[in-house]
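Hi,

Here is the structure I promised to pass on. Have a look at it first, and then read on for what turned up.

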Amino acid sequence: MSTSPDTLAPHVDPRWRDAFIMELRLRDVPGRRIGDALAEVDGHCRDADEDATTAFGDPVAYAQGLAEHLPTRARLPLRDGAAVVVETAGVLGVVWALPPWLNGDPLVASRGMAATVVVSLLAAVALCLAPAPTLRWLTRARWWQAALAGSGVAVALAALTRLVPDGRLEAPAAPLALVSLVLLAVGAVALHAGGATADVVSAPGADDARSVRRARTASVLVSAALPVVALLAAGGLALLPR
């Protein structure tokens, strides 16, 4: 049984459907409950031959009212934040430490590198602990708003860089690369074990063993995607001329 929103709600406008799902996700409604609600909307649109906006109004407002009567997933922001921080630290460490290790060179750190690590980890923590209104704004930001936010981060990074004492810091790359690989693996396992990546939007009644296996497989692939990209990026950097 498919878990694709296109297949679950073929009679619902994709923009309405996506906004509806996003709002329920922000309110920690489980994927199975979202699938049930989406199926009811789709069934009404099909039987009444109405579009979702005419029948249910604004998707965000409808989802907000509906979420008050639906169960929600228990949020563990500290656990989830720790997993994301570990994963982020692993990605940064692998990208920076693996290439010099493969080339037999020491790791050379600069103040820009140190500032980037600090800002990246702080951004990861902030996103994990951010309240729903902030996450909602980020998902709906226009291009110029995203550009302003990105510029603000760049300015903060540049200012933070000026506060770090200048100078080169050399260290053996192998220990840091090995620790980073461990952090990358631990972070991926923690994200998968947390269950958030396995909570797919599923059709009503999709509780058979095949659906469970598909959800687990999808969770493994999603959790492994970032480590794979980090390793490919590190490998590509190692091949660049020195």
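Before anything else, a word on contacts: two residues are in contact when they have heavy atoms within 4.5 Å of each other. Among contacts in this chain between residues at least 6 apart in sequence, 84% join residues at least 24 apart. Please keep in mind that this is a predicted model.

**The overall picture**

The chain has 242 residues, and 30% of them count as buried. Its secondary structure comes to 11 helices and two strands. If you walk along the sequence, you meet them in the pattern α-α-α-α-α-α-β-α-α-α-β-α-α. The accessible surface of the chain is about 14,000 Å², and carbon and sulfur atoms account for 66% of that.

UniProt has an unreviewed entry, which lists residues 82–102, 108–131, 143–164, 176–198 and 218–240 under "transmembrane region". I can tell you a bit about two of those spans. Residues 82–102 are 100% helix and 0% strand, and the C-alpha atoms at the two ends lie 29 Å apart. Residues 218–240 are 96% helix and 0% strand, with 33 Å between the end C-alpha atoms.

**Aromatic rings**

A search of the whole structure gives five aromatic pairs. One of these is Trp16 with Phe56: the ring centres are 6.2 Å apart and the planes stand at 50°, so the pair is tilted. Trp16 belongs to helix H2 (residues 14–26) and Phe56 to helix H4 (residues 52–56), so this pair ties together parts that are 40 residues apart in sequence. Trp16 counts as buried, because its relative accessibility is 3%.

Phe20 and Tyr62 make another aromatic pair, this one stacked, with 5.9 Å from centre to centre and 25° between the planes. Phe20 sits in helix H2 and Tyr62 in helix H5 (residues 59–67), so the pair ties together parts 42 residues apart in sequence. Is each partner buried or exposed? Phe20 counts as buried, at 0% relative accessibility, while Tyr62 is partly exposed at 25%.

The two pairs belong together, too: ring pairs link Trp16, Phe20, Phe56 and Tyr62 into a cluster.

**Salt bridges**

Side chains of opposite charge can pair when their charged atoms come close. How many salt bridges does the structure hold? There are four, and here are some of them:

- Asp18 and Arg17 form a salt bridge, with the closest N and O atoms 3.0 Å apart. Asp18 is partly exposed at 42% relative accessibility, whereas Arg17 is buried at 6%.
- Arg27 and Glu23 form a salt bridge, with 2.9 Å between the closest N and O atoms. Arg27 is partly exposed, with a relative accessible area of 31%, but Glu23 counts as buried at 0% relative accessibility.
- Arg46 and Asp47 form a salt bridge, with the closest N and O atoms 3.1 Å apart. Arg46 is partly exposed, its relative accessible area being 46%, and Asp47 counts as exposed at 61% relative accessibility.

**Helix H6**

Two residues of helix H6 are worth a look. Let's start with Leu78, which is found in this helix (residues 77–102). Leu78 joins Val125 and Leu129 in a nonpolar patch on the surface, and together the three have about 300 Å² of accessible area. Why does Leu78 count as exposed? Exposed means over 50% relative accessible area, and Leu78 has 70%, so Leu78 qualifies.

The other one is Pro100, also in helix H6. Pro100 counts as buried, because its relative accessibility is 13%. What does Pro100 touch, not counting residues up to four places away in sequence? Its contacts are Asp105, Pro106, Leu107 and Ala173. Pro172 is worth finding as well: Pro100 and Pro172 are 72 residues apart in sequence, yet their C-alpha atoms are 9.0 Å apart in space.

Over to you!

Note on methods
Residues are numbered from 1 along each chain as its sequence is written. This is a predicted model: local features need pLDDT of at least 70, side-chain atom pairs count only at pLDDT 80 or more; totals for chains, interfaces and linings use all residues. Side-chain values use heavy atoms; hydrogens and water are left out. Patches are made of residues with over 30% relative accessible area and no salt bridge: like charges are joined within 9 Å, nonpolar side chains (Val, Leu, Ile, Met, Phe, Trp, Tyr) within 5 Å. Accessible areas come from the Shrake-Rupley method with a 1.4 Å probe; for residues, only the protein chains shown count as cover. A salt bridge is a side-chain nitrogen of Lys or Arg within 4 Å of a carboxyl oxygen of Asp or Glu. Helices (H or I, at least four residues) and strands (E, at least two) are DSSP runs, numbered from the N terminus. Buried means under 20% relative accessible area, exposed over 50%, partly exposed in between (1.4 Å probe, protein chains only). Rings of Phe, Tyr and Trp (its six-membered ring) pair if their centres lie within 6.5 Å; planes under 30 degrees apart count as stacked, over 60 as edge-to-face and the rest as tilted. UniProt positions are given in the numbering used here, feature names are shortened, and annotations may be inferred rather than shown by experiment.
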